[in-house]
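I pulled this one up to poke around the ligand, the helices and the odd backbone spots. Notes below, in the order I looked.

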Amino acid sequence: MNFAHTSVLIQESMGLLKPRSGERYLDGTLGGGGHAEEILLRSSPDGRVLGLDWDEDAVTAAGQRLSRFGERLTLRRANFDQAKDILAAINWSRVDGVLLDLGVSSHQFDAAERGFSFQASAPLDMRMDRRQKLTALEIVNSFPEAEIAKIISDYGEEPRARRIAAAIATERKDRVIETTIDLAELIVRIRGKRSRAHHPATQTFQALRIAVNRELETLKRFLEYGYELLQPGGRMVIISFHSLEDRLVKTAFRKWSEKCICPPRTLKCECGWSQKAQRLTRKPIIASAEEVRANPRARAAKLRAVVRL
Ligand SMILES: C[S@@+](CC[C@H](N)C(=O)[O-])C[C@H]1O[C@@H](n2cnc3c(N)ncnc32)[C@H](O)[C@@H]1O
């Protein structure tokens, strides 16, 4: 399978994950397998990787790319939110490192029929896991107008979210808004012609994608217990591409690093919490100008890391 995706922040993520021979790693967002390949190379000859992705195309492509590593790589088509159960099922109680490189792969954008892109006409789909039922078509054509406005505003930070949602509500009285182009044209009518740098539908499409895949809810659930997957001394690296994702990671990593999470001014500690981890990055690491020049997708990437105590 032709799976085009350039991995971001490879050197920076590996510098923090520090793959070593004999160790076990979880790559929860396998994509094209770029990060997983690097972990396998750096943990030669016997480091192992469990790679998860909920997109069948990614699992197939990574399986082909990484076949030379044989039994050192275990693949599952799954949500990283199920990592705990999958680790138990393969008798790995904990791992030495976890990597999440969130969001979509370039392959998902490039495969027009997946409906992530407004560059080509395709059904409004946007599911990363095509076993799930909810699609962008359903959100656009059947969610209440106010809910659509909230999605576009919150996840897309689109200033004209309410006007776009109102136009969707009017349009769908007459016909089903079926394709990516139908929706993109409607947005252009509200937002005006595209500027050279930025298509006016970019933020709305991003918002719908995040809603369809419940990306923030999944990350939030994972961050409630993620540290439990790590051995003492194990490291977790998370790369995010959206400010709301980065805020969730930052807040969780800060909490994991607290000694006590009682409300301020509590006289005696009653939270029962103990420090789980230590931050390896106070500020997020971002891509160098050189990397952004070579791969514009890297511009939005923010990397944070912790080590389990
Ligand atoms: C940015 S790509 C990862 C690229 C990969 N690190 C590489 O170097 O090729 C993100 C991948 O994560 C997957 N993904 C996103 N959220 C997921 C989730 N909750 N569970 C499993 N996979 C997820 C997507 O399907 C996509 O293939």
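Before anything else, the term I lean on for the cores: I take a nonpolar core to be a set of buried Ala, Val, Leu, Ile, Met, Phe, Trp, Tyr and Cys residues joined through C-beta atoms within 7 Å. Also worth jotting down: this is a predicted model.

**Entry 1, cores.** The largest nonpolar core has 47 residues, and I find the most contacts inside it at Ala62, Val98, Val237 and Ile239. Strand β5 gives this core its largest share, five residues. I then listed the partners of Ala62: leaving out residues up to four places away in sequence, Ala62 touches Leu30, Gly32, Gly33, Ala36, Gly51 and Leu75. There is also a second, separate core of 30 residues, with Ile148, Ala201, Phe205 and Val212 among its members.

**Entry 2, helix α3.** This helix covers residues 56-65, and its buried residues include Ala58, Val59, Ala61 and Ala62. I looked for what packs over them and found α2, β2 and β3 among the covering elements.

**Entry 3, ligand.** Which residues are closest to the ligand? I get Ser7, Thr29, Gly31, Gly32 and Gly34, out of 22 that surround the ligand. Two elements give two or more residues to this shell, α2 (34-42) and β2 (48-53). By type, I sorted the shell into six nonpolar, twelve polar and four charged residues.

**Entry 4, helix α12.** I checked the length of α12 (residues 243-257) first. At 1.5 Å a residue its 15 residues should span 21 Å, and the end C-alpha atoms are indeed 21 Å apart, so the two agree. Next I went for burial: Glu245, Asp246, Val249, Ala252, Phe253 and Trp256 are buried. Do they line one face or scatter around the helix? Down the axis of α12 the buried residues fall within an arc of 135°, so they line one face. That fits what I remember about helices: with 3.6 residues a turn, residues three or four places apart point the same way. On the other side of α12 I see Ser243, Arg247 and Thr251 exposed. The cover over the buried residues of α12 includes α11 (215-225), β5 (230-240), β6 (277-279) and β7 (302-308).

**Entry 5, backbone oddities.** I noted a cis peptide bond from Ser44 to Pro45, omega near 5°. Pro45 sits in the loop between α2 and β2. Then I came to Asn91, a residue other than glycine with a positive phi, near 60°. Asn91 is in the loop between α4 (83-89) and β4 (95-101). Is Asn91 buried or exposed? I count 6 other C-beta atoms within 10 Å, so Asn91 is exposed. Arg214, also not a glycine, has a positive phi near 45°. Its loop runs between α10 (202-212) and α11. With 15 C-beta neighbours inside 10 Å, Arg214 counts as partly exposed.

**Entry 6, Arg76.** I found Arg76 in strand β3 (residues 73-77). Arg76 has 17 C-beta neighbours inside 10 Å and therefore counts as partly exposed. Setting aside neighbours within four places in sequence, Arg76 is in contact with Leu52 and Ile86. I also took a distance to Glu157, 81 residues apart from Arg76 along the chain: their C-alpha atoms are separated by 34 Å.

Methods
Residues are numbered from 1 along each chain as its sequence is written. This is a predicted model: local features need pLDDT of at least 70, side-chain atom pairs count only at pLDDT 80 or more; totals for chains, interfaces and linings use all residues. A residue is near a molecule or strand if its C-beta atom, placed from the backbone, lies within 6 Å of it. Ala, Val, Leu, Ile, Met, Phe, Trp, Tyr, Cys and Pro count as nonpolar, Asp, Glu, Lys and Arg as charged, and the others, Gly among them, as polar. The expected span of a helix is 1.5 Å times one less than its number of residues. A residue is buried if 20 or more other C-beta atoms lie within 10 Å of its own, exposed if 12 or fewer, and partly exposed in between; C-beta atoms are placed from the backbone. The arc is that of the directions from the helix axis to the C-beta atoms. Two residues are in contact if their C-beta atoms, placed from the backbone, lie within 7 Å.
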